[in-house]
Amino acid sequence: MKLSRQFTVFGSAIFCVVVFSLYLMLDHLQLDNTKNPKGAGGLLQKGQLSILQEKIDHLERLLSENNEIISNIRDSVINLSESVKDGKGNPEAMNLSRGAFSELLASPPLVIPVDAEDCHFAAKSYSKASDDVQMLDVYNILPFDNPDGGVWKQGFDISYDEHEWDNEPLQVFVVPHSHNDPGWIKTFDDYYRDQTQHILNNMVVKLLEEEKMKMIWSEISYFSKWWDSIDSQKKDAVKRLIERGQLEIATGGWVMTDEASTHYFAMIDQLLEGHQWLEKNLGVKPKTGWAVDPFGHSSTMAYILKRSGFSSMLIQRVHYSVKKYFASHKTLEFFWRQNWDQSSSTDILCHMMPFYSYDVPHTCGPDPKICCQFDFKRLPGGRINCPWRVPPEAIHDGNIQQRAHMILDQYRKKSKLFKTKVVLVPLGDDFRYNEASEWDQQFQNYQKLFDYMNSHPELHVKAQFGTISDYFDALNKAAGPLLFPNVSGDFFTYADRDDHYWSGYFTSRPFYKRLDRVLESHLRAAEILYSLALANIQKWNKMSAFPSSDTYKLLTEARRNLGLFQHHDAITGTGKDWVVVDYGTRLFHSIMNLKRVIIDSAHFLILKDKDDYKHNPSNLFLQMDDVQPSQDALPHKTILKLSTEPRSLVVYNPTEQDRSAVVTVYVNTPRVKVLTALGQPVKVQVSAVWEETITVSKEAFQVSFVAQLSALGLGVYQLTEGTDMNTHLADYNLYKKGGSLVLSTSGPFKLDVPQNNPINFKIENPHLQLWCSGSTGLLEKVKLKDDSKEHHVKVEFMWYGTTSNRDKSGAYLFLPDGHAKPYVTSEPPIIRVSTGPLFSEITSTYRHFTHSLRLYNVQEVDGQSLEISNTVDIRGERNCEIAMRITSDINSKDRFYTDLNGFQIQPRRTLSTLPLQANFYPMTTMVYIQDENVRMTLHSAQSLGTASLNPGQLEVIMDRRLMQDDNRGLGQGVQDNKITANLFRILLERRVRVDEKENSQPVSYPSLLSHISSLYLNHPVIPMAVNKDFGAASLVSEFRPLASSMPCDLHVVNLRAIQSKEGVGPSDEAAFILHRKGFDCSFSSKNTGLLCSTTRGKIPVNKLFNEMKVQRITPVSLSLMHTPQGSQNKSEIQLNPMEISTFRIQLR
């Protein structure tokens, strides 16, 4: 009763505060209105009236939420009371948390203020026209069989009437191309030295010689390296070739990006880097996408190209059954539309290549045996030949009639798969045209064929060399009013034949998939801080003191190294071992360089007196709190040396939300005090640093505290050696079932080794209670405190083997030997349970992995979910893959949801018509399952393969070790495994509304809480200690660049300094890239820990930044290529749900 009375008083106090705050806000509005008279009459300006109206509307919404707030308080009192009873009444579970509600008084608003209109987007019902194609429907009806189709093995026989083209001739565009992988069997530099530079040099010579010859090029990483090596005469020749339409840059990204494992931040960034290079050096603006080799295709890429100003695109690697279905319905050309788009704003014309590959034998028509005879690089006497054992023949007067009819037959048959009489015939392969002889062979023989066909009107054909845009221009002209179908969805998981599904690469080389995301996070953080520092440096007139050009070089190098790793043989983990080392070294060096950029930028921004700023690269003002010793090793924390003199710790929040975050650093003493910049003491948890499973470090101690940080801001805290009542040591219990443990000295910590394991362990925080098995240490049950319901959520580890058939799993393919088998170990795990006021943790150490489950004891976002970290080591195994499986009581049926590139959610169905490996999909940031009561989301800090093979189940493959090649060209297995760290969070959310039609909808959205949880997981705060040599430096208490948190649904993708038109440094503008996220409102909005609201996608420009003025802001296309007509200095930014938009912005 005493507790209930206390909380009743507490609830009443909050009610009074809310009412009094509303009164003050209204009073403030009245004062504002009287302070701004206009003329003698004192009339309000129109702008002030509109602002007043908006504020009144906002107050009305706050008042309407007031009743719910009070009811939430009442619910919290009840839940807290039950928790107290539960703690006393469950003796068989060890409740190892303490201080569970000590943070209650610092709690954020109980209900998120969401504008009602912002919920309409996700709630609207989906509808499609009868002729539109939804890929989920296609997968449902496909038999996924593989009958022999004749010469087109995976297709069907094609016939035609010779007179079909009498009235409208067949137009044939033969498009020469050379696919240059920026790393695969060789490193990027080795490929360039041995092949690519020769291809490009020959290209200039041969295109100048033959005006009818054409060529397309895609990878700017190679093109820029070559450009830097050639003279001005050759550069001028290249520009002439582009002007004449002989050379076209297709896509123009830094690489031809993978589309499964890549995050949309990096996909955009590599495209932007390529387009910025093209703008500066060639003045070229690509308009057509060209993606012949990524292993499956994502609708995210279609969206990015559309927003960048592209009108068309081409894709190739799509499941053979899907290709056959599209070909039979003549829908290989379509408008690719985003799932959520009910209009046509995201439509982009897409061409799907119909046959097996992009090489010459599979591009002229359905019969590869014939098409190969028209790859004139394979003429007898060359280094390659035709596998069908019928070689090409050089074209001469004696055979030209027969050869022309032979290839025209293939062109005609191919055209029968499309709706128009325009046919595309790519002519190339990997690293083609590296020898001058091939240029001559292909051009001379094809030109003879074209001349013959074009000079015989009875053939009704016009054949020519062309570029990909030449083809699309002719297609659009020929199509006229013909409407291509709209297709929505994605093209995963790819299979090229039989049951050979390319779902293995979703996980291959997971160490580097994680390193990729670490680099992304550092690059984004560095870009934003650097842009903010530049604006402040210009404002303070300190440009001469700051190394802006040198720092910009480091940024550019990091952009390009990240871009290179998005290549479809890099992040995929499908390169040779030494190529992977080369990629890893580039990532590693860029992370180190970006830390310098962050340090240099933060140094200037955090100084109170800017005159004190001096750049000294040999003695940096700040030091990062972690060090990665090499490209293939996990990072470790640096140890801060404390004394009685305060040591300043600067903490950077790279997210656009005001944020409470648990910050952890290592220090040299357990006697620690932490103060805010204003001298207020902060609660501290000191935990042990474990050198081995049962060995505590005597040199290092883990210090954790909750930092309050402004959006994109820097906070300052003081660390001092000394005793303090706010500092608490963590307690430890260690268990090993059936075994004894001998611990080394524990120092200041309380370490207990109970004789027997309990039935289970229980830890809790204000939002969650977790039960873990006493024998395994793994999660078994979760209780959401807001509704007191317990949910069965069981974590297990599983092994997959590889099939005994001739074709086995490799870097690309996942070919398991059946269902997964439970992970079984003869040696029981060592389980370590730690408890403290800020977090509690259960760590289980097995032979092949260490699994930690952590619960943050805070009210904010980090306390809403449970954090899982797995450190995996399978280096001693053969032909196995280790998976983490989560089994729940959620009735998800055959439905689950994966993200595409961290940008959107794609609903999935587990299909019994497909083999097990086909039901695995790429997961970049999250996967979830749900029923009418609850949604369970697994958030991930790295890209991995995921599936839901049974109702209520999720699993992710965490690493794979395979001893053989899978016959896709790599020529090796995957045996270079590292000790790999994977980081996840499990978020359970109660659903309060359910759409009865949701299982038939092709769309789904995370909640706001889920979006922010993913953001925080992928962009952790960055602590930096002030170097001891600069201990006397005077710092500001915080750097707050934004006027307030961004709206909950608006994400700052980047604030990226734009290159200057001359030289290597930055201009005075930045690319401000924003993404408005679609979100689902049908979840409980109580006690989510969010500190933001929504605003219908609107932000007044003059209220965006704090103490900085927006000099100019102009909307542009996503990659800065196009500025819309009538574009002007905007006073308000407004984005539609799901929209990504870029603005050129100048700050002062």
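Let's start with a term we'll need: two strands count as paired if DSSP finds at least two bridges between them. Strands themselves are DSSP runs of E with at least two residues, helices are runs of H or I with at least four residues, and both are numbered from the N terminus.

Before we go in, a word on what you're looking at. This is a predicted model, where local features need pLDDT of at least 70 and side-chain atom pairs count only at pLDDT 80 or more, while totals for chains, interfaces and linings use all residues. Residues are numbered from 1 along each chain as its sequence is written, and side-chain values use heavy atoms, with hydrogens and water left out.

Now put that pairing rule to work on strand β31 (residues 789–800). With strand β32 (residues 821–822), β31 runs antiparallel and is joined by 2 bridges; here Trp799 has Lys821 as its bridge partner. β31 also pairs with strand β37 (residues 880–888), again in the antiparallel sense, over 8 bridges, and Val793 is partnered with Ser888 there. Then there's strand β30 (residues 779–784), tied to β31 by 4 bridges and also antiparallel. Leu784 finds its bridge partner in Lys789 of β31. β30 and β31 make a hairpin with 4 residues between them, and Ser788 in the turn has a positive phi of about 60°.

Next, hop over to an open sheet of 4 strands, in the order β48-β49-β53-β51, with antiparallel pairing. Its edge strands, β48 and β51 (1110–1116), each pair on one side only. From one strand to the next, the twist averages 25°. Inside this sheet, β49 and β53 are joined by 6 bridges, and one of the partnerships is Ile1073 with Thr1142 of β53.

Two helices lie across this sheet's strands. α15 lies across β48, β49 and β53, at about 60° to β48. Helix α16 (residues 548–565) lies across β48 and β49, at about 120° to β48. Those angles run from 0 to 180 degrees between N-to-C directions, using axes fitted to C-alpha atoms, for helices over the stretch in contact; contact means heavy atoms within 4.5 Å.

What about the empty spaces? A cavity is a set of points on a 1 Å grid over the protein atoms alone where a 1.4 Å probe fits but cannot get out, and its lining residues have an atom within 4 Å of a point. Grid points are joined across faces, edges and corners, and the volume is the space filled by probe spheres set on the points. The whole structure holds 14 cavities of 30 Å³ or more.

The largest cavity has a volume of about 330 Å³. It is lined by 27 residues, and the closest to its centre are His263, Tyr264, Gly902, Ser1014 and Lys1077. Elements giving two or more residues to that lining include α15 (510–539) and β48 (1050–1059), which you've already met in the sheet story.

The second largest cavity has a volume of about 130 Å³. Its lining has 14 residues, with Ser531, Leu534, Asp1068, Glu1069 and Ala1070 nearest the centre. Which elements each supply at least two residues of this lining? They are α15, β48, β49 (1066–1076) and β53 (1140–1147), so keep an eye on those as you turn the model.

Conventions:
On a 1 Å grid over the protein atoms alone, a cavity is a set of points where a 1.4 Å probe fits but cannot get out, and a pocket is an open set with protein on both sides within 12 Å along at least five of seven lines; lining residues have an atom within 4 Å of a point.
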